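Hello,

Here is the structure for you to look over. My notes follow below it.

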There are 2 protein chains.
Amino acid sequence: MPPTNHKFRLAARPVGMPKSSDWTYAEEPVGEPKEGELLVQVLYISLDPAMRMWINDVRSYMPPVGIGEVMRALGLGIVTASRNPRFAVGDHVSGVFGVQEYAITDGRGVTKIDPRVVPLPKYLNVLGMTGMTAYFGLLDTGQPKPGETVVVSAAAGAVGAVVGQIAKIKNCHVVGIAGGAEKCRYIVQDLGFDAAIDYKNEDVKQSLRKQCTKGIDVYFDNVGGAILEAALANLARGARIVVCGAISQYCNTGPIAGPSNYLSLVSNRATMKGMLVIDYADRYAQAGAEMAAWMAAGKLKSREDIVEGLTTFPETLLKLFKGENSGKLMLKVG
Amino acid sequence: MPPTNHKFRLAARPVGMPKSSDWTYAEEPVGEPKEGELLVQVLYISLDPAMRMWINDVRSYMPPVGIGEVMRALGLGIVTASRNPRFAVGDHVSGVFGVQEYAITDGRGVTKIDPRVVPLPKYLNVLGMTGMTAYFGLLDTGQPKPGETVVVSAAAGAVGAVVGQIAKIKNCHVVGIAGGAEKCRYIVQDLGFDAAIDYKNEDVKQSLRKQCTKGIDVYFDNVGGAILEAALANLARGARIVVCGAISQYCNTGPIAGPSNYLSLVSNRATMKGMLVIDYADRYAQAGAEMAAWMAAGKLKSREDIVEGLTTFPETLLKLFKGENSGKLMLKVG
């Protein structure tokens, strides 16, 4: 008898924070791969802020997840059956497998990974989209130069932690903005940031003025809202703002708040630029090799926040929007 | 007996639209130029949206005009006395002479102009900061390529009209956004824009979708607010937004409205960049020569809205913020 496949389907478009009733938990037969397909048993599921955007009914870089569809998610797994010559049973793979225990795929966008090089979860963290977003967002879009001041928000988050460490490797003055004393301690003492600003207990605008005496040259924004405005108020001439995300705004029940002081871009001749990591697919390998070398040299640290159990998905996802995760958030399945 | 000098001084920081009580009209002696200085009789005073920002008490690219100081303004005039070897009596000059009949200056930032080349008012329009802003904002910051779609707001205004015509010269598809049927007729029939959108009588977002079937490649923004949001909703991948101004927001009594859909920069991998014309001073001469040639060839037209009388300054300035000027607004003095 084939194993059953448990999965989460989108039941309704959430308003604000996704509620448990926005999801349907289903038990279905696994199914059999057809010619050209493979069956993947999912081991880890990546939980990412972008998931909140994927379930809005708006035009974006990808179509939204439809009502009734399996929730989209990146993941890691092991091939348990294959009718695709590129993959053999036992291969470890990463891809967009969805929030479920088993995925059938034609292999497009699926990559083989090697758990002997680094532990599996790192392939969803530094060596996955998280790390690639940090690497290309900072280096390609932000273009930091040695000695410049780089500020990153959600600095103890998965992307922010990598951004700050790469900026240190590039000899920048690095200031991280994070929520709470423990996250601030982590980024300074464990990750080597020059300074941390606790947005829950400090006036971010004033603290940025104090920590960035020559202004901000590169601001890597993961949060939007009031912190983006505080950064705009402290730009150096010619500053670059990398717009990666706006997690403070994703669960708004009304429109996203645009930065009321965006004309700071004019007085500072500054740039605000959006980036999507998928545009850099042809350079992932090179970036991965460079980051693996930094990890091996102890210059690039990372941690994962691994929650056990597929069924916890609805509540575990909310940790992201409440700032409760410490490190890259993912589900361990099966 | 030396002539008297009439002038407007800033009396109070305006809230919203500047009121007549925010200004003091004064009659004072002209004074005598000291060694190294010259006396300029002002003939034309440029009225610009940026003036509204110069009187806010905020950190920007220039210090704000102080309470009690003569209002800052660009102008044209004729030298009536000189103790500066660079200037002779009878020279026509442009510079920051203020809202007054006579200015004494040490000559820094003062440029000689020749009324035999083009009529004097053109030196405050296409051959002045207005034209330079359009030229460098579009070409240097916007980087339009032939065949791309360029959209400009306040398109019948002084800067917008030049932006659209240069974009046509560069073989772009050009759409202007303006208020009212007459301005829309003007930019299409007289200036050669491909299409006009009347923001007072159309849904700008929908009309942009119709006129820009492949999306907007370059959006030159003079207005901010809802029109900026409509443009952000219609970007092409890799779009560039040139942030020149936000005249719809300058007279707000509260904060400026930031664009609530700025995350369109992410999904479209787009850039929003501020520019200030003063950074291009070393290239004004080259740009002026190129634009004079376009004017002579009939490819670059412009018009001035010249109001007589210094005393009308407080009410004439408001024409800008009410969209009542047709062409470059200036005062004719004396």
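The axes of helix 2 (residues 129-142) and helix 8 (residues 284-296), both of chain A, come within 10 Å and cross at roughly 95°. That makes helix 2 of chain A roughly perpendicular to helix 8 of chain A (65 to 115 degrees). Axes are lines fitted to C-alpha atoms over the stretch in contact, with angles from 0 to 180 degrees between N-to-C directions. Helices are DSSP runs of H or I, at least four residues, numbered from the N terminus.

Helix 2 of chain A brings Gly131(A), Met132(A), Tyr135(A) and Phe136(A) to the contact; helix 8 of chain A brings Tyr284(A), Ala287(A) and Met291(A). Contact means C-beta atoms, placed from the backbone, within 7 Å. Six of these residues are nonpolar, one is polar and none is charged. Gly counts as polar here.

This is a predicted model: local features need pLDDT of at least 70, side-chain atom pairs need pLDDT 80 or more, and totals for chains, interfaces and linings use all residues. Residues are numbered from 1 along each chain as its sequence is written, with chains lettered from A and ligands numbered from 1 in the order written.

Now the two copies. A turn of 180° and a shift of 0.0 Å along the axis lay chain A on chain B with an RMSD of 0.0 Å. The copies are thus related as by a two-fold rotation axis. Superposition is by least squares on C-alpha atoms of residues with pLDDT of at least 70 in both. Gly258(A) comes closest to the rotation axis of the residues of chain A, at 2.1 Å (C-alpha). 100% of the interface residues of chain A are also interface residues in chain B, so the copies meet through the same surface.

Best wishes

Key: Helices (H or I, at least four residues) and strands (E, at least two) are DSSP runs, numbered from the N terminus. Angles under 35 degrees count as roughly parallel, over 145 as roughly antiparallel, 65 to 115 as roughly perpendicular and the rest as oblique. Two residues are in contact if their C-beta atoms, placed from the backbone, lie within 7 Å.
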